[in-house]
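Student: I have a model open and want to work through it with you. Can we take it one piece at a time?

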Amino acid sequence: MRRPRNPLAGALLSVLALALTATGCAGSTAAAPGDGGGSSSAPAGGTVANRVEPLARTPEPRLPVTVPSADGERVTVRAAERIVPLSGSLSEIVFTLGLGDRVVARDVTATFEQAAKLPVVTRGHDVSAESVLSLKPDLVLAETTSGPEEAVDQIRAAGVPVLLVEAAGGLDDVGTRIRAVADALGVPAAGKELTRRSEQRIEAVRGDVPHGEEPRVAFLYLRGSASVYLIGGKDSGAGSLIEAAGAVDAGAASGLDKDFTAITSEALAKAAPDAILVMSKGLESVGGVDGLVKIPGVAQTPAGMDRRIVSVEDGVLLNYGPRTDQVLKSVVAQLYGEDGAK
């Protein structure tokens, strides 16, 4: 049975999707692809490239295959000529495997350049079954948080194979998700290659993290236009990224057991972050750093007093996909400074 959609997570995704729709694609200008080896293709300065870097060799799917779905079902994929991934992260995986020319639609959170011109099949963050089915897909890739469930069921009822992939929770999920998608597309060897490349690049960035400081970093989810101001806790999804950057998740360390909690002066004082991690559009929505420090309690934290803010593009921060090394590199560069000292 499908895991119930987390109400708070669903609300956050809806707010994020509306913001992305209103402001356009998140991300920097395109960077030239790298050589496909172990080194990251992130632009200088730790910015996350707004393009994905496909594997050097385009794999040829060998179908049919029958693979396990995250809801406990087994899904038989007989063709992969018209693929609809229902999240930005899953889109990123398909394109990076080298099969982007088979993708016929995108979720609103697929903000990288190669997917930008594809039709959007979500309203807010909710899946539109009618829009998906009108494109005559032969495979739909969804996450366990994709919904509404009725829409996903409607797509299945029309005879379209739907593979559910566990939603990403941290760095350990990168390889698992890549291999799940690759297996469903009939390119398991490419999945292993991309997993290996992604994990090597992440480890390379981790090896460059300065030692000794261990700053406390609070992840804040901000949507000023909707008056949404939240601090991430143990299950926010940012914890493993913060820890990989050699830092401490201030929200979790202060005892916040939920995914997100409304920001209060008391919560911020207890978290006492040395730095604040935010999504770039969220930061813009509150008026930049100047507006952020006006949120009650922020200016009184060490992070607020030092204006030590780390921002990463909304469409990639918590994707935990093939560009995660670039995300981590960006966080490290902003957190410690380019010379490794803040």
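Student: How many aromatic pairs does the count come to?

Tutor: This is a predicted model. Rings of Phe, Tyr and Trp pair if their centres lie within 6.5 Å. By this rule the count comes to three.

Student: What kind of aromatic pair do Tyr-221 and Phe-260 form?

Tutor: Their ring centres lie 6.1 Å apart, with 70° between the planes. Planes over 60 degrees apart count as edge-to-face. So the pair of Tyr-221 and Phe-260 is edge-to-face.

Student: How many residues apart in sequence are the parts that this pair ties together?

Tutor: Tyr-221 lies in strand E8, residues 216–223. Phe-260 lies in strand E11, residues 260–262. The pair therefore ties together parts whose separation in sequence is 39 residues.

Student: Are Tyr-221 and Phe-260 buried or exposed?

Tutor: Buried means under 20% relative accessible area. Tyr-221 has 4% relative accessibility. Phe-260 has 8%. Therefore Tyr-221 counts as buried, and Phe-260 also counts as buried.

Student: Which residues form one aromatic cluster with Phe-260?

Tutor: Tyr-221 belongs to the cluster with Phe-260. One other residue completes the list. The partners of Phe-260 are Tyr-221 and Phe-219.

Student: Now the helices. How is H2 oriented to H6?

Tutor: The axes of H2 and H6 (residues 188–207) come within 10 Å and cross at roughly 110°. Angles of 65 to 115 degrees count as roughly perpendicular. That makes H2, relative to H6, roughly perpendicular.

Student: Which residues of H2 and H6 make the contact?

Tutor: H2 contributes Ile-93, Thr-96 and Leu-97. On the side of H6 the residues are Ala-190, Gly-191, Leu-194 and Arg-197.

Student: Where is the place of Ser-87, and is Ser-87 buried or exposed?

Tutor: Ser-87 sits in the loop between strand E3 (83–85) and helix H2 (88–99). Its relative accessibility is 7%. That is under the 20% limit, so Ser-87 counts as buried.

Student: What does the side chain of Ser-87 reach, and which residues is Ser-87 in contact with beyond its neighbours within four places in sequence?

Tutor: The Ser-87 side chain reaches the backbone nitrogen of Leu-90 at 3.1 Å. With neighbours within four places set aside, Ser-87 is in contact with Asp-107, Thr-109 and Glu-143.

Student: Which side chains does a polar contact join to Asp-71?

Tutor: Asp-71 lies in the loop between strands E1 (65–68) and E2 (74–77). It is buried, with a relative accessible area of 8%. One polar contact, of 2.8 Å, joins its side chain to that of Ser-69. Another, of 2.9 Å, joins it to that of Arg-156.

Student: How far apart in space are Val-298 and Ile-263?

Tutor: Val-298 is in the loop between helix H11 (288–292) and helix H12 (302–306). It is buried, at 0% relative accessible area. In sequence, Val-298 and Ile-263 are 35 residues apart. In space, C-alpha to C-alpha, the distance is 9.2 Å.

Student: Which residues does Val-298 touch?

Tutor: Residues up to four places away in sequence are not counted. Val-298 then touches Leu-268, Ile-276, Leu-292, Val-293 and Gly-304.

Student: Last, the whole chain. What percentage of its residues is buried?

Tutor: The protein chain has 13 helices and 13 strands. Its accessible surface comes to about 14,100 Å². Of its 342 residues, the buried share is 56%.

How values were computed:
Residues are numbered from 1 along each chain as its sequence is written. This is a predicted model: local features need pLDDT of at least 70, side-chain atom pairs count only at pLDDT 80 or more; totals for chains, interfaces and linings use all residues. Side-chain values use heavy atoms; hydrogens and water are left out. Helices (H or I, at least four residues) and strands (E, at least two) are DSSP runs, numbered from the N terminus. Buried means under 20% relative accessible area, exposed over 50%, partly exposed in between (1.4 Å probe, protein chains only). A polar contact is a pair of N or O atoms within 3.5 Å; within protein, one must be able to donate a hydrogen and the other to accept it, and residues adjacent in sequence count only if both atoms are side-chain atoms. Contact means heavy atoms within 4.5 Å. Accessible areas come from the Shrake-Rupley method with a 1.4 Å probe; for residues, only the protein chains shown count as cover. Rings of Phe, Tyr and Trp (its six-membered ring) pair if their centres lie within 6.5 Å; planes under 30 degrees apart count as stacked, over 60 as edge-to-face and the rest as tilted. Axes are lines fitted to C-alpha atoms, for helices over the stretch in contact, and angles run from 0 to 180 degrees between N-to-C directions. Angles under 35 degrees count as roughly parallel, over 145 as roughly antiparallel, 65 to 115 as roughly perpendicular and the rest as oblique.
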